[in-house]
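Visitor: I'd like to learn how to read side-chain contacts. Could you walk me through some?

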Amino acid sequence: MVERRKSKRTDIDVVISLKQLGDNFVTGISGRAVAVNTLNISKDGIAFKSDRNFKLNTYHDTIITLDNKECFEAIIEIVRMENLGEPETTYGCRFIGITSEDQFKIDVYQLVYESKCVS
């Protein structure tokens, strides 16, 4: 399989809350924030796992707090989903309109994370 991502992904293990935007709500979660477990992050997007069913091409508002306590608000679009027979589905999301300042926070997080892994 060919890697299509432009940015480096780094593992991240934080819980974020997603609040769906728009009127095409996922059954059972309309208007409510839903907590999900993140898997990895890049300057372009984030991946998470959930036992909830999210629709492709839906938008969600969230606040992401990195391990180094930096945080930023983001709107994500769900662009991929994969379930390999597990109870949870993995979702790939892209950031919509993320600022260069918030991308820099992700860069710093990735550098710190990599230095911990090398040590």
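Guide: We'll take ring pairs first and salt bridges after that. A word on the model: it is predicted, with local features needing pLDDT of at least 70, side-chain atom pairs counting only at pLDDT 80 or more, and totals for chains, interfaces and linings using all residues. Residues are numbered from 1 along each chain as its sequence is written, and side-chain values use heavy atoms, leaving out hydrogens and water.

Visitor: How many aromatic pairs are there?

Guide: Rings of Phe, Tyr and Trp (its six-membered ring) pair if their centres lie within 6.5 Å; planes under 30 degrees apart are stacked, over 60 edge-to-face, and the rest tilted. This structure holds 5 such pairs. One of them joins F48 and F54 edge-to-face, at 5.4 Å centre to centre with 80° between the planes.

Visitor: And how do F48 and Y91 sit, stacked or edge-to-face?

Guide: They're stacked, with centres 5.1 Å apart and 25° between the planes. F48 belongs to strand β4 (residues 45-50) and Y91 to strand β7 (residues 89-96), so the pair ties together parts 43 residues apart in sequence. Helices (H or I, at least four residues) and strands (E, at least two) are DSSP runs, numbered from the N terminus. Ring pairs link F48, F54 and Y91 into a cluster.

Visitor: Is F48 buried or exposed?

Guide: Buried means under 20% relative accessible area, exposed over 50%, and partly exposed in between (1.4 Å probe, protein chains only). F48 has 0% relative accessibility, so it counts as buried. Y91 is buried too, at 0%, and F54 is also buried.

Visitor: Now the charges: how many salt bridges are there?

Guide: Side chains of opposite charge can pair when their charged atoms come close. A salt bridge here is a side-chain nitrogen of Lys or Arg within 4 Å of a carboxyl oxygen of Asp or Glu. There are 6 salt bridges in the structure. Take E114 and K8, whose closest N and O atoms are 2.6 Å apart. E114 lies in helix α1 (residues 100-118) and K8 in the segment before β1 (10-11), so parts 106 residues apart in sequence are tied together.

Visitor: Which residue forms a salt bridge with K49?

Guide: That's E86, with the closest N and O atoms 2.9 Å apart. K49 counts as partly exposed because its relative accessibility is 21%, and E86 is partly exposed at 36%.

Visitor: Which residues are linked with K105 in a network of salt bridges?

Guide: E70 and D102 are. The K105 and E70 side chains meet at 4.0 Å, N to O. K105 counts as buried at 16% relative accessibility, whereas E70 is partly exposed at 35%.
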